[in-house]
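Got the viewer open? Here is a short tour, one selection at a time.

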Amino acid sequence: MPRSLATTGRTTFFAYATAAWAFAFAAVHVYWAVGGSLGLPPGLSVRGNTPLFVIDVIAVPMCVAGGVLALALVRPFGARLARKPLLVGAWGMSVLCLVHSVPAVLQAALLLVSGDADTLTAPERFSFFGYEPYWFVGGVLTGLAAFGYQRATRGR
């Protein structure tokens with residue numbers, strides 16, 4: 001059996017969930033880059049903010065690459081790729097997402113527990129309770145997919 005198909009059902013689920021997460025993130029960044037504002041704090045436009053526009057332009061191919069990487073863990077085309085680079089990429093993606101999000105997610109939890117969440121501005125609420133948790137979920141999904149792939153392909 002090709003290496004990328006020797007995964008468990010859970011690994012396959014997490015890999016597809018990671019791909020869906022990444023492709024959805026790419027779609028949102030495209031939407032924002034072309035002027036959409038749904039999901040952004042009131043009054044914020046990516047088109048009117050050059051740094052955010054540049055982030056979106058960079059984020060789209062990175063998100064697509066992350067989705068393709070996740071699929072490579074479980075689809076036949078991944079069997080043609082070396083195991084080690086796939087694992088480095090998957091674990092790297094997981095770590096990047098978690099390093100990006102964990103501090104803000106923890107801070108948001110502290111704000112909720114302390115009752116100070118109502119003092120946040122709209123952009124802060126968007127970051128703490130929307131954007132950063134989304135990164136966190138991606139990091140966890142990618143880590144679970146990488147872990148499953150690593151276990152399923154050990155010794156090959």
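A handy rule before the first click: two rings of Phe, Tyr or Trp, taking the six-membered ring of Trp, make a pair if their centres lie within 6.5 Å. Keep that in mind and select Trp21, Phe25, Trp32, Phe126, Tyr131, Tyr134 and Trp135, which ring pairs link into a cluster. Across the model the count comes to 10 aromatic pairs. One of them joins Trp21 and Phe25, a tilted pair with 5.5 Å from centre to centre and 50° between the planes. Do keep in mind throughout that you are looking at a predicted model.

**Step back: the whole chain**

Clear the selection and switch to a cartoon view. The protein chain has four helices and zero strands, so reading along the sequence gives you α-α-α-α. Along its principal axes, the C-alpha trace spans about 55 × 35 × 20 Å. Colour by burial and you will find that 39% of the 156 residues count as buried. Among contacts between residues at least 6 apart in sequence, 75% join residues at least 24 apart.

**Stop one: Trp21 and Phe25**

Now show helix α1, residues 9-33, and pick out Trp21 and Phe25 again. Both lie in this helix, four residues apart, about one turn of the helix. Are they buried or exposed? Trp21 has 8% relative accessibility, which is under 20%, so Trp21 counts as buried. Phe25 is at 5% and counts as buried too.

Who touches Phe25 from elsewhere in the chain? Leaving aside neighbours within four places in sequence, Phe25 is in contact with Cys63, Tyr131, Tyr134 and Trp135. Tyr131, Tyr134 and Trp135 also belong to the ring cluster you selected at the start.

**Stop two: the cores**

Nonpolar side chains tend to be buried together in soluble globular proteins. Here, the largest nonpolar core has 23 residues, and those with the most contacts inside it are Trp21, Phe25, Leu73 and Leu86. Which elements give two or more residues to this core? They are α1, α2 (50-72), α3 and α4. The most comes from α1, with seven residues. Apart from this core lies another one, of six residues; select Leu111, Ala117, Leu120 and Phe128 to see some of its members.

**Stop three: α3 against α4**

Hide everything except residues 83-114, which make up helix α3, and residues 122-152, which make up helix α4. How do their axes cross? They come within 7 Å and cross at roughly 145°. The crossing is left-handed. Sorted by class, the contact of α3 with α4 has 24 nonpolar, nine polar and two charged residues.

For a closer look at these two helices, pick Leu98 in helix α3 and Thr142 in helix α4. Their C-alpha atoms are separated by 9.9 Å, although the two residues are 44 apart along the chain. Check their accessibility next: Leu98, at 25%, counts as partly exposed, whereas Thr142, at 2%, counts as buried.

Now show what surrounds each one, skipping neighbours within four places in sequence. Leu98 is in contact with Pro103, Phe136, Gly139 and Val140. For Thr142, the residues to show are Thr18, Ala90, Met93 and Ser94.

**Last stop: His29 and Val57**

Bring back α1 and find His29, which sits in that helix. At 3% relative accessibility, His29 counts as buried. Which residues does His29 contact, beyond those within four places in sequence? Select Asp56, Ala59, Val60 and Cys63 to see them. Cys63 should look familiar, as it is also in contact with Phe25.

Finally, click Val57 in helix α2. Val57 and His29 are 28 residues apart in sequence, with 7.6 Å between their C-alpha atoms. Unlike buried His29, Val57 counts as partly exposed, at 47% relative accessibility.

Conventions: Residues numbered from 1 in each chain as written. Predicted model: local features only at pLDDT ≥ 70, side-chain atom pairs only at ≥ 80, totals over all residues. Heavy atoms only, no water. Axes fitted to C-alpha atoms, helices over the stretch in contact; angles between N-to-C directions. Left-handed = near helix turned anticlockwise from the far one by under 90°. Nonpolar A, V, L, I, M, F, W, Y, C, P; charged D, E, K, R; others polar. Phe/Tyr/Trp six-rings, centres within 6.5 Å; stacked < 30°, edge-to-face > 60°. Buried < 20%, exposed > 50% of the residue type's maximum accessible area, 1.4 Å probe, protein only. Core = buried A, V, L, I, M, F, W, Y, C linked by side-chain atoms within 4.5 Å. Contact = heavy atoms within 4.5 Å.
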